Amino acid sequence: MIPTHTDVLIVGAGPTGLLLAGDLAAAGVRCTVLERRTEESNPTRAFGVHARTLEQLDARGLASDVIATGGPVGSVWLFGNTKVDLTLLPTRLPYLLITPQYEVERALARRATACGAEIVSGAEVVDVRQDPDGANVQARTADGVVTWRAAYAVGADGLHSTVRRCLGLPFPGHSVIESMMLADVRLTEAPDSVITVNAVEQCFAFVAPYGDGWYRIFAWDRGNERPDTDPVDFAEVRDVTARALGTDLGMHDPRWLSRFHSDERQVRSYRVGRVFLAGDAAHVHSPAGAQGMNTGLQDAANLSWKLAAAVQGWASDGLLDSYHAERHPVGRMVMRTSGAIIRLVMIRPVQRTARNLVGGTALRVGPIARRAAGTISGVGIEYPGGDHAHAPAGKRAEDILLAGDGRRPARLYELLPRGSVRAARTRVGNTGRGHPRRPARRRAVDRPGPRRHPRRAARHGHPGPPRRLHRLGHRRHRAPNTSTTRSAPRSPDGAAPRPGTLPPHQRRNR
Ligand SMILES: Cc1cc2nc3c(=O)[nH]c(=O)nc-3n(C[C@H](O)[C@H](O)[C@H](O)COP(=O)(O)OP(=O)(O)OC[C@H]3O[C@@H](n4cnc5c(N)ncnc54)[C@H](O)[C@@H]3O)c2cc1C
């Protein structure tokens, strides 16, 4: 059978695979996504989009659409009265957006398709093999077993990843929560706050709105842990919630009831030759802190431009390896933080007073509070720059406004069509000394929430949210030689490239 050819074959059309596909297609790389589902994934699992992910979506022109589907919360509850204040974040989107995972997936799927990615549904991958020049991916489809041939393959196929199994990679770790009940319900009594959460004696309950009249409930009873396969009794969800919150909020009409356990697991290597793992296929952790989908999306943003560079022939040797080097430690850190949060949430009642005292006091100390907000939101994540790197290398670049074409502000991504630094320098006003003229810096001071956008938009004299950009580097970070026709290394994950990851023609200029 003649294989179907593509440049990058992605397994799984979850959030991770869809973001990756959109980025690759936008960069002009042929990519195919194989998805075993034939229908949209619903009901939702994730319902929180963190600030760093919102920035990533913003850089792709998707943030406004996604923000319009949800509501912002300015803090993330940890336990007791202890919260992480997200309004401290140095970003113009300093909040957690509560929206169903399927809204994020819809926006990403629309973009991927519009950019030219091919998404094949009803294709279940059953085998992945590689050789020095590429990978063969076999999938069961309605037309029988079909083989795709690609230069690179990515397993974004979730917790039970077939790609991971085909690579023979173990997924070491253990379970952290047993028998958490989940219910998507309607409520007769709307809660006072966006997120309602409490733990009393043996019981814990959490309530968050989807924004469309439906609510997500998590309820857990230490005294009644059962296997995941045991059906959930809605009366038990109501009872545990009432014991934890003092009311069951009049919950009714459950559309989804489930019982789950949560694992902490991570593969040892995110890359095996020409095959990569991303998202839940590479790491899973407890839902505490709402970081799973966010981490997968950021994996995809880190990997996409590197794969595009490799396909287009200008990636340095270290560029593809830097995906594992940068993202594996982040996955490990997320696993540790979400694990620590869930253990503190589930702590025995006798230890709760001490926990609340220590946690509450620590998070009132400015630097600790800012660090916690940076960690949980992803805004504080940075990659090691290396011994001889410039100061901004590997760090999230600041979110600033550029002058654009003189009539309206613009983001760097708009000024870098196909990675052309020449265009950006011309359009923002090149000083002739290798640096774009610096625009006046504008800091985000608004309160969180989508309602600020119309006001701000009116100030800038155009509809929609203000246009901002991520500055890549600072004054000592010389602009690449624009006399070359090759593309500059664009890092849509917003981190300034590290020296070891630059292609040779870029390294000369540093
Ligand atoms: C109860 C719960 C609450 C959560 N809350 C949050 C939250 O608030 N915030 C957050 O960030 N994260 C949260 N998460 C985690 C989040 O849902 C996942 O991290 C996220 O879905 C991972 O995305 P992914 O694209 O890597 O994998 P998935 O979403 O699992 O997508 C994988 C895709 O691959 C497809 N697939 C699988 N095998 C094959 C195959 N062999 N061939 C073809 N296709 C295949 C699947 O059908 C699926 O569409 C939560 C998880 C749970 C369980």
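Axes are lines fitted to C-alpha atoms, for helices over the stretch in contact. The angles between them run from 0 to 180 degrees, taken between N-to-C directions. The model described here is predicted.

The chain has 510 residues, and 49% of them are buried. It holds 14 helices and 21 strands. Contacts between residues at least 6 apart in sequence were examined for their separation. Of these contacts, 73% join residues at least 24 apart.

One helix pair illustrates the packing. Helix α2 spans residues 51–59, and helix α7 spans residues 292–311. Their axes lie 9 Å apart and meet at an angle of about 40°. Angles under 35 degrees count as roughly parallel, and those from 65 to 115 as roughly perpendicular. The pair falls in neither class, so α2 is oblique to α7. The crossing of α2 past α7 is left-handed. On the α2 side, Arg52, Thr53 and Gln56 make the contact. On the α7 side, the contact residues are Asn294, Leu297, Gln298 and Ala301. Two residues of this contact are nonpolar, four are polar and one is charged.

Helix α7 also appears in the surroundings of helix α4, where it is among the elements that cover buried residues. Helix α4 runs over residues 101–115 and has 15 residues. From its first C-alpha to its last, α4 reaches 21 Å, close to the 21 Å expected at 1.5 Å a residue. Its buried residues begin with Gln101, Tyr102, Glu103, Val104 and Glu105. Ala107, Leu108, Ala109, Arg111 and Ala112 of α4 are buried as well. The cover over these residues includes two further helices, α1 (15–26) and α3 (63–67). Strands β3 (48–49) and β8 (118–121) also contribute to the cover. Just after α4 comes Gly116, with a positive phi of about 110°.

A further site lies in helix α10, residues 366–377, which contains Thr375. Thr375 has 18 C-beta neighbours inside 10 Å, and therefore counts as partly exposed. A buried residue would need 20 or more such neighbours, and an exposed one would have 12 or fewer. Beyond residues up to four places away in sequence, Thr375 touches Thr337 and Gly380. Met333 is 42 residues from Thr375 in sequence. In space, the C-alpha atoms of Thr375 and Met333 are 8.8 Å apart.

Notes. Residues numbered from 1 in each chain as written. Predicted model: local features only at pLDDT ≥ 70, side-chain atom pairs only at ≥ 80, totals over all residues. Helix = DSSP H or I, 4+ residues; strand = E, 2+ residues; numbered from the N terminus. Parallel < 35°, antiparallel > 145°, perpendicular 65-115°, else oblique. Left-handed = near helix turned anticlockwise from the far one by under 90°. Contact = placed C-beta atoms within 7 Å. Nonpolar A, V, L, I, M, F, W, Y, C, P; charged D, E, K, R; others polar. Expected span 1.5 Å × (residues − 1).
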